[in-house]
Amino acid sequence: MNTGWSWARMGAIFIKEFQQMLRDRLTFAMAVGVPVLQLVLFGYAINTDPKGLPTAVIVQDPGPMARSLVAALQNSGYFRLVASPAGEAEADALMARGELQFLVVVPPGFQRALLRGERPVLRVAADATDPAASGNAIAALQQLAGTALRADLVGALAPLQGTPPPFELRLQRRYNPEGLSRYNIVPGLIGTILTMTMVMLTALAMTRERERGTMENLLATPVRPLEVMAGKILPYVLIGYLQLAVIMGAAALLFEVPMLGSPLLLLALIGVFMLANLGVGFTFSTLARNQLQALQMTFFFFLPSLLLSGFMFPFRGMPAWAQALGELLPLTHFLRIVRGLMLKGSGLAELLPELWPMLAFLLAAGALALLRYRRTLD
């Protein structure tokens, strides 16, 4: 027996393995597609310095000074005026629904008090549920206090320039007054952990039966596709609620994250979210021929969900096309729901705009899964 090294034998194994890899088109596509996806997302979609944040301004003292302040806000690039609410109650409702990131209030008598050198208060409220999304904008806002009115304070008013600024900027960080990152991360972990586990476990369930040869026995029974899908999915819903209990317990006991909303409403809405992800996993199980392919497809779905949902990077910092893709993912809407419930105390009325996209995704994923499963019965 020849025990020496043989380039011919090694080359034969190399050719055989390469041909086998090319025949496994899904694995080859994943090997090429995942690096391309990472390059595109990290190169173009991710931005840690979001600008154009939705802002509302309530001007209770219209005049040249107020107009200069509004112009300075817009020129900074961090603030985009999207609403002119009639009062603070309307603006508060917009911020509670997540439609506003900042609210600036110019109070009555602002210009008169400023000209007298009394340093009037300019009130600013910021949605601080995600400190990373508003941190740079708040820093830019504090710099504007000393420069926004420089063109107006000339001549006899020039002594008002300098230190301290001519008006006081009073900032209120809502929903997260101390700017704690764990208030943003811990609720988001509920969605990310459930996305990964729900999709992966369901995708592996069907492919495992196919690899073990028990799939044929299942197909020979009179069980309908919808019954198979429900029977496969519901056990993992229970697992998801167990994971929720563990995370919520840690959030309350270890991280002291508040729960201002209804726990029952959270349980109901998280059920919709889990079913949507389980539908994706079931669809992957009908596409994959083995457990490795199922894991690869799970990663291919989980990576965009993680990066485009607003969990790791500010959602409003991404370009428009990336935000449009993120809006298609159930994790994006669930993060808004869970943070709204835990930090804002939002009710069902405020959360409905985020609920219906998850329901639409659930219906689409379920229909596709049933369609693919029926094909396997032929």
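**Entry 1: getting my bearings**

Before I open the pockets, one term: a helix here is a DSSP run of H or I with at least four residues, and helices are numbered from the N terminus. I am working on a predicted model. I looked up its secondary structure and found 14 helices and 5 strands in the chain.

Next I checked the overall dimensions. The C-alpha atoms fill a box of roughly 100 × 55 × 35 Å along the principal axes. I looked up the radius of gyration too, and it is 27 Å, where a compact globule of 378 residues would have one near 21 Å.

How much of the chain is buried? I found that buried residues make up 47% of the 378. I then turned to contacts between residues at least 6 apart in sequence, and 80% of these join residues at least 24 apart.

**Entry 2: the largest pocket**

I went to the largest pocket and noted a volume of about 640 Å³. Its lining has 29 residues, and the closest to the centre are Gly-98, Asp-127, Arg-316, Arg-336 and Lys-344. Helix 12 (320-327), helix 13 (330-344) and helix 14 (348-376) are the elements that give two or more residues to this lining. Helix 13 has the largest share, 6 residues.

What kinds of residue line it? I wrote down 7 nonpolar, 11 polar and 11 charged for the largest pocket.

**Entry 3: the second largest pocket**

The second largest pocket has a volume of about 210 Å³. Which element gives the most to its lining? I found that helix 11 does, with 4 residues. Helix 11 spans 291-308, and helix 2 (25-45) and helix 12 also supply at least two residues each.

I picked out some names from the lining, including Leu-37, Val-40, Phe-300, Phe-301, Trp-321 and Phe-361. By class, I have 12 nonpolar residues here, no polar and no charged. For contrast I went back to my note on the largest pocket, where 11 polar and 11 charged residues take part in the lining.

**Entry 4: closed spaces**

I looked for cavities as well and found 2 of 30 Å³ or more. The largest cavity has a volume of about 90 Å³. Of the 13 residues that line it, Leu-69, Leu-73, Leu-122, Leu-141 and Phe-167 are the closest to its centre. Helix 3 (64-75), strand 3 (102-106) and helix 6 (131-147) each supply at least two residues of this lining. My class count for the largest cavity is 13 nonpolar, no polar and no charged.

**Entry 5: the nonpolar cores**

The largest nonpolar core has 53 residues, and Leu-103 and Ile-190 have the most contacts inside it. I followed Ile-190 outward, leaving aside its neighbours within four places in sequence, and its contacts are Leu-244, Ile-247, Met-248, Ile-270, Phe-334, Val-338 and Met-342. Another core lies apart from this one, with 27 residues, among them Met-65, Tyr-78, Phe-79 and Phe-102.

**Entry 6: two residues of helix 7**

I chose Thr-192, which sits in helix 7 (residues 182-212). Is Thr-192 buried or exposed? Thr-192 counts as buried because its relative accessibility is 5%, and the cut-off for buried is under 20%. Beyond residues up to four places away in sequence, I see Thr-192 touching Phe-302, Leu-306, Phe-311 and Leu-331. I also looked up its distance to Val-237: the pair is 45 residues apart in sequence and 15 Å apart in space, C-alpha to C-alpha.

Leu-194 is in helix 7 as well. With a relative accessible area of 1%, Leu-194 is buried. Setting aside residues up to four places away, I noted that Leu-194 touches Val-199, Gly-240, Gln-243, Ile-270, Phe-273 and Met-274. Ile-270 was familiar to me from the contacts of Ile-190. From Leu-194 to Ile-58 I read 136 residues in sequence and 40 Å in space, C-alpha to C-alpha.

**Entry 7: a stop in helix 10**

My last lookup was Ser-285, placed in helix 10 (residues 263-287). Ser-285 has a relative accessible area of 0%, so it is buried. What does Ser-285 touch, not counting residues up to four places away in sequence? I found Thr-202, Ala-203, Met-206, Thr-207 and Arg-210.

Methods
Residues numbered from 1 in each chain as written. Predicted model: local features only at pLDDT ≥ 70, side-chain atom pairs only at ≥ 80, totals over all residues. Heavy atoms only, no water. 1 Å grid on protein atoms, 1.4 Å probe; cavity = no way out; pocket = protein on both sides within 12 Å on 5 of 7 lines; lining within 4 Å. Points joined across faces, edges and corners; volume = space filled by probe spheres on them. Nonpolar A, V, L, I, M, F, W, Y, C, P; charged D, E, K, R; others polar. Core = buried A, V, L, I, M, F, W, Y, C linked by side-chain atoms within 4.5 Å. Buried < 20%, exposed > 50% of the residue type's maximum accessible area, 1.4 Å probe, protein only. Contact = heavy atoms within 4.5 Å. Rg over C-alpha atoms; globule rule 2.2 N^0.38 Å.
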